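Grab a viewer and a pencil. Here are a few exercises, each with a worked solution.

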Number of protein chains: 2
Amino acid sequence: METKSVDGQISVDCWERLRAINDTKDILSGKWKAMIIACLASFEKKRYMELHRLLAGIGTKMLSKELQELEINGLITRTVMDTKPITVDYELTSYGRSLKPIIDEMALWGMHHRGKIIGEITKKK
Amino acid sequence: METKSVDGQISVDCWERLRAINDTKDILSGKWKAMIIACLASFEKKRYMELHRLLAGIGTKMLSKELQELEINGLITRTVMDTKPITVDYELTSYGRSLKPIIDEMALWGMHHRGKIIGEITKKK
DNA sequence: GAGACTACTTCCCTTTGGGAAAGTGATACC
DNA sequence: GGTATCACTTTCCCAAAGGGAAGTAGTCTC
């Protein structure tokens, strides 16, 4: 086949794209990471307990775990404040902020999707 | 507090955003859905076996399951062709194509991320 | 009629993810 | 000194996710 090299090229490009998508999914893995990033993108800075209240339903274990993983990946910073009872501030790094386009697209699509589903239900009635 | 209503508004907006992000994550749940959509976005139309080869590592069980879920959500169409041995074409719907911005952002970020990580490794040496 | 190709499904098993609840330790309030 | 707050950690448990292998069914080839 004369298309062999072309197909090869397409496969490599495709494969790299798929790998990249996978990498991003890994970074945003877990039930809460995308939402934590969304919160920190909206509020700039949040304490542990504030996040716990904002993310209704999350347990302390999960919150700690997800925050640690985000910190390890360089997406957020953790700073211990020396307040009366100590508090901890979490903030997006500039690298973490680079995920904002993805989060925004996800929020946008999710809103449209919900609108579409509700539209379909009311149309049926 | 005079900020009560303002905080309330912020919470509601935030909560709706978080819910939307969650909805989108659900639609793209599973190890392979985002990649399947990426493939179909690149190639327009692919057969079951072609997808199986393209998505190196996926088993037939997972591929079937993920494709079914995508079809149920109205993101892809399944058309049986009456070829010698029957073949089945999968294609993105226009609704499925509306996920392209998310997939593209994910691919883009993943590429940059890999570049950054490799850069950090070579800098250390 | 044996084997191959297509597109699956079914069964079984292991791994992972994630939640609830309780515990920890430091500090502060009353 | 009892209780509260903040920020966790630890333990235990269960459901869901995902993989491998084999089976099914229809058609075509040799």
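The exercises below go from a hairpin to helix packing, the chain contact and the DNA.

This is a predicted model, where local features need pLDDT of at least 70, side-chain atom pairs count only at pLDDT 80 or more, and totals for chains, interfaces and linings use all residues. Residues are numbered from 1 along each chain as its sequence is written, while chains are lettered from A and ligands numbered from 1 in the order in which they are written.

**Exercise 1.** Work out in which sense β2(A) and β3(A) pair.

Solution. Start with the elements: helices (H or I, at least four residues) and strands (E, at least two) are DSSP runs, numbered from the N terminus. Strands pair if DSSP finds at least two bridges between them. Here β2 (residues 76-81) and β3 (residues 87-92) of chain A share six bridges, in the antiparallel sense. For the register, look at A:Thr77, which sits opposite A:Glu91. Lastly, the two strands form a hairpin, with five residues between them.

**Exercise 2.** Describe how α2(A) and α6(A) cross.

Solution. Take axes as lines fitted to C-alpha atoms, for helices over the stretch in contact, with angles from 0 to 180 degrees between N-to-C directions. The axes of α2 (residues 33-43) and α6 (residues 100-124) of chain A come within 10 Å and cross at roughly 105°. So α2(A) is roughly perpendicular to α6(A) (the label covers 65 to 115 degrees). Next, list the contact (C-beta atoms, placed from the backbone, within 7 Å): α2(A) brings A:Ala34, A:Ile37, A:Ala38 and A:Ala41, and α6(A) brings A:Lys100, A:Ile103, A:Met106 and A:Ala107.

**Exercise 3.** Find which helix of chain B gives the most to the side that touches chain A.

Solution. Count the contact first: 29 residues from chain B and 29 residues from chain A. On the chain B side, α1 (4-27), α2 (33-43) and α6 (100-124) each supply at least two residues. The winner is α6(B), with 11 residues.

**Exercise 4.** Say which residues come nearest to DNA strand C.

Solution. A residue is near the strand if its C-beta atom, placed from the backbone, lies within 6 Å of it. Of the 20 residues around DNA strand C, the nearest are A:Lys31, B:Met49, B:Lys61, B:Thr87 and B:Val88. Then check the elements: α4 (60-72) of chain A, plus α3 (48-54), α4 (60-72) and β3 (87-92) of chain B, each supply at least two residues of this surface.

Notes. Angles under 35 degrees count as roughly parallel, over 145 as roughly antiparallel, 65 to 115 as roughly perpendicular and the rest as oblique. Two residues are in contact if their C-beta atoms, placed from the backbone, lie within 7 Å.
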